[in-house]
Amino acid sequence: MQNSVAIIVRTKDRPRFLERALANIAAQTYPQVKTVVVNDGGDTATVDRLIEASALSNVQVIHHEISRGMEAASNVGIRACASEFIAIHDDDDLWEPTFLEKTVAALEENDDVMVVVRTDEYFEKITESGFEFVESRPFWENLQGMNVVDFFRINRAVPIGILYRRRLLDEIGYYNETLPVVGDWEFNVRVASKHKVLFLHENLAHWSKRLNATGTDSNSVYAAAQEHKFFDARVRSDAVREHLAQGGHLAPYLYNAHLANEVQEAVHHSHELLLDVLNRLERIEATQREQAARLERVERALSVRGRARTISTKLQRLAQRREK
């Protein structure tokens, strides 16, 4: 008998996205699935109506009267069900129909705890008639595997491209509910710090992006870009403080900070050199324009003189004819 998968859908006042997400889940070829929709502070009647109209047979909805945030929504949905595997399917993202079938098979075959599939950035626009696809491009095109050091640098996997075993939560804990953003990256860092993360090279997930969207239709990675930077720095600072409190030494952090300063100074110096080159090029171009203008004035003057000579010659000839 196939193992079960719990799919957690986080949503808030985005009915068009939720309707599409439910249809996308219903199209999965893996049958042993339970879907938990966590309505994080949105309109309840609309969510209930969309779920009832969907093709899903095993679905549960949890309504939050007040929004508790993305990570709290994930945790609530996970705790509301029992399954061996867990997937987070945000309401605006999409799977290929075989996503669950192939990721479950990969984890079962290798007995790993987490698998990430190749994902693309799926750019789209919202129109009056629905969704309009713009283009897609690979997310980390040259990625060949899930490296723990890469995770430390920047998030290499978004929720729509991940499946993991529930037992992982007993070891590393649930999602950090104090993080309004970057919570998925912080979770991935904790996983990668303890386990190898399996990577499937097949493009089975689509990370939906809408560059110019606003309000509830926007992506947090764009609409909350400054928040991402702030909480990214906070996660790193908390990790450093925790390590120091456990007996870690300041030396590597001070040296890394020194290297970062040197890199920053080198970049700043290169920037100044580039500006100097650009300024010189602008001065050369200005000189060339001035010389061209002078040459044009000279040519005009010569042209006027030439026409004057021609007219004078013609007048002289005419006068000579009259004298004859």
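Trainee: How do the residues of the lining of the second largest cavity divide by class?

Mentor: Rolling a probe the size of a water molecule over the atoms shows where empty space is left. In this predicted model, the lining of the second largest cavity comprises 9 nonpolar, 2 polar and 2 charged residues. The volume of the second largest cavity is about 60 Å³. Its lining has 13 residues, and those closest to its centre are Val116, Val117, Thr119, Phe139 and Arg156.

Trainee: Which element gives the most to the lining of the second largest cavity?

Mentor: Strand S6 does, with 4 residues. This strand, spanning 114-127, is mostly covered, with 11 of its 14 residues buried.

Trainee: Which strands are joined to S6, and how do they run?

Mentor: Three strands are to be considered in turn. S9 and S6 run parallel and are joined by 9 bridges; Glu121 has Trp207 of S9 as its bridge partner. S7, residues 130-138, runs antiparallel to S6, with 8 bridges between them. Phe123 faces Glu135 in S7, and a hairpin of 2 residues links S6 to S7. S8 is also antiparallel to S6, through 3 bridges, and here Val115 stands opposite Leu163.

Trainee: How many cavities of 30 Å³ or more are there, and what lines the largest?

Mentor: The count comes to 2 cavities of 30 Å³ or more. The largest cavity holds about 80 Å³ of space. Its lining consists of Arg10, Ser74, Ile88, Pro159, Ile162, Tyr164, Tyr175, Asp184, Phe187 and Asn188. By class, these are 6 nonpolar, 2 polar and 2 charged residues. Strand S8 (162-165) and helix H7 each supply at least two of them, and H7 has the largest share, 3 residues.

Trainee: Turning to the open spaces, what volume does the largest pocket have, and which residues are closest to its centre?

Mentor: The largest pocket has a volume of about 1,200 Å³. Of the 39 residues in its lining, Met70, Asn219, Ser220, Val221 and His228 are the closest to its centre. The class composition is 14 nonpolar, 10 polar and 15 charged residues.

Trainee: Which elements supply at least two residues of the lining of the largest pocket?

Mentor: They are strand S1 (5-11) and helices H3 (70-79), H7 (183-194), H8 (220-223) and H9 (225-245). H9 gives the most, with 5 residues.

Trainee: How should the second largest pocket be described, and which element gives the most to its lining?

Mentor: The second largest pocket contains about 580 Å³ of space. Its lining has 17 residues, of which Val235, Arg236, Asp238, Ala239 and Val240 are the closest to its centre. H9 gives the most to this lining, with 8 residues, and H7 and H9 each supply at least two. By class, the lining of the second largest pocket has 8 nonpolar, 3 polar and 6 charged residues. H9 therefore deserves attention in both pockets: it gives the most to the lining of the largest and to that of the second largest.

Trainee: How many residues has the largest nonpolar core, and which have the most contacts inside it?

Mentor: In soluble globular proteins, nonpolar side chains tend to be buried together. In this model, the largest nonpolar core has 31 residues, and those with the most contacts inside it are Val5, Ile7, Trp95, Leu100 and Leu163. Several elements each supply at least two residues of this core, among them S1, helix H1 (15-26), strand S2 (33-40), helix H2 (44-53), S6 and strand S9 (198-209). Helix H4 gives the most, with 5 residues.

Trainee: What does Val5 touch, leaving aside residues up to four places away in sequence?

Mentor: Val5 touches Tyr30, Gln32, Val33, Lys34, Ser83, Phe85, Leu100, Val104 and Leu163. Leu100 and Leu163 are, with Val5, among the residues that have the most contacts inside the largest core.

Trainee: Which residues are included in the second, separate core?

Mentor: That core has 29 residues, including Ile86, Met146, Ile172 and Phe187. Phe187 also belongs to the lining of the largest cavity.

Definitions and conventions: Residues numbered from 1 in each chain as written. Predicted model: local features only at pLDDT ≥ 70, side-chain atom pairs only at ≥ 80, totals over all residues. Heavy atoms only, no water. 1 Å grid on protein atoms, 1.4 Å probe; cavity = no way out; pocket = protein on both sides within 12 Å on 5 of 7 lines; lining within 4 Å. Points joined across faces, edges and corners; volume = space filled by probe spheres on them. Nonpolar A, V, L, I, M, F, W, Y, C, P; charged D, E, K, R; others polar. Core = buried A, V, L, I, M, F, W, Y, C linked by side-chain atoms within 4.5 Å. Buried < 20%, exposed > 50% of the residue type's maximum accessible area, 1.4 Å probe, protein only. Contact = heavy atoms within 4.5 Å. Pairing = 2+ DSSP bridges.
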